[in-house]
Amino acid sequence: MEIGLFKYLVIAISLLCISFLGIIMNRTNIIIIFISIELMLLSINFNFIIYSRFLDDILGQTYSLFFLTIGAAESAIGLGLLVAFYRIRKNIAVHNALIKF
């Protein structure tokens, strides 16, 4: 029994909606926001892999590898900024992140 394209797309769209809800509903914890952004990138990668498989083209899988690399770099830079922010402010809450000059 083969699973159709529609069921894979439902999974990808549900991952995207969960990541949007993670960003919208939780605006106080920066780590949850980073995880939601990563989940959003993974759902987009899942779409590329799905269409690459069903169209029998390897280009989507190549794009997916590039996006995974970009996501890893984004995570490393974001967590580095988070550590630097914590060292300065001693708190990582988003509502305390207002920059005062």
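A residue is called buried when its relative accessible area is under 20%, exposed when that area is over 50%, and partly exposed in between. With that scale in hand, the reader can follow this predicted model from its overall outline down to a few of its residues; phenylalanine 46, for instance, has a relative accessibility of 26% and therefore counts as partly exposed.

The chain contains 3 helices and 0 strands, and its elements run α-α-α from the N terminus on. The radius of gyration is 17 Å, well over the 13 Å that the globule rule gives for 101 residues, so the chain is more spread out than a compact globule. Along its principal axes, the C-alpha trace spans about 60 × 25 × 20 Å. Buried residues account for 17% of the 101 residues, and the surface that the chain exposes comes to about 7700 Å², of which carbon and sulfur atoms supply 75%. Among the contacts with a separation of 6 or more, 55% are made by residues that stand 24 or more positions apart. As for the charges, the mean position of the 7 positive ones and that of the 5 negative ones are 24 Å apart.

Where do the helices touch one another? One place to look is serine 19, which is found in helix H1, residues 5-25. Serine 19 has a relative accessibility of 0%, and because buried means under 20%, this residue counts as buried. Leaving aside residues up to four places away in sequence, serine 19 touches Ser36, Leu39 and Met40. Serine 36, for its part, is found in helix H2 and is likewise buried, with a relative accessible area of 5%. Under the same exclusion of sequence neighbours, the residues that serine 36 touches are Ser19, Gly22 and Ile23, so that the contact between the two serines appears from either side.

Aromatic rings offer a further view of the structure. A pair of aromatic rings is described by the distance of the centres and the angle of the planes. A search of the whole structure finds 4 aromatic pairs. In one of them, the rings of tyrosine 8 and phenylalanine 46 have their centres 6.3 Å apart and their planes at 75°, and since planes over 60 degrees apart count as edge-to-face, the pair is placed in that class. This pair links distant parts of the chain, with tyrosine 8 in helix H1 and phenylalanine 46 in helix H2, residues 30-55, at a separation of 38 residues. Tyrosine 8 is partly exposed, its relative accessible area being 27%. Ring pairs also join Tyr8, Phe46 and Phe54 into a cluster.

Beyond helix H2, the path leads to aspartate 56, whose place is in the loop between H2 and H3. Most residues other than glycine have a negative phi. Against that background, aspartate 56 deserves a look, with a phi near 55°, a positive value in a residue other than glycine. Its relative accessibility of 71% is over 50%, and aspartate 56 therefore counts as exposed.

The last stop is isoleucine 70, which has its place in helix H3, residues 59-89. Is this residue buried or exposed? At 51% relative accessibility, isoleucine 70 counts as exposed. Isoleucine 70 and leucine 39 are 31 residues apart in sequence, and their C-alpha atoms are 13 Å apart in space; leucine 39 is also one of the residues that serine 19 touches.

Key
Residues numbered from 1 in each chain as written. Predicted model: local features only at pLDDT ≥ 70, side-chain atom pairs only at ≥ 80, totals over all residues. Heavy atoms only, no water. Helix = DSSP H or I, 4+ residues; strand = E, 2+ residues; numbered from the N terminus. Rg over C-alpha atoms; globule rule 2.2 N^0.38 Å. Buried < 20%, exposed > 50% of the residue type's maximum accessible area, 1.4 Å probe, protein only. Contact = heavy atoms within 4.5 Å. Areas by Shrake-Rupley, 256 points an atom, 1.4 Å probe, with all protein chains shown as cover. Lys, Arg positive; Asp, Glu negative; His and termini not counted. Charge placed at Lys NZ, Arg CZ, Asp CG, Glu CD. Phe/Tyr/Trp six-rings, centres within 6.5 Å; stacked < 30°, edge-to-face > 60°.
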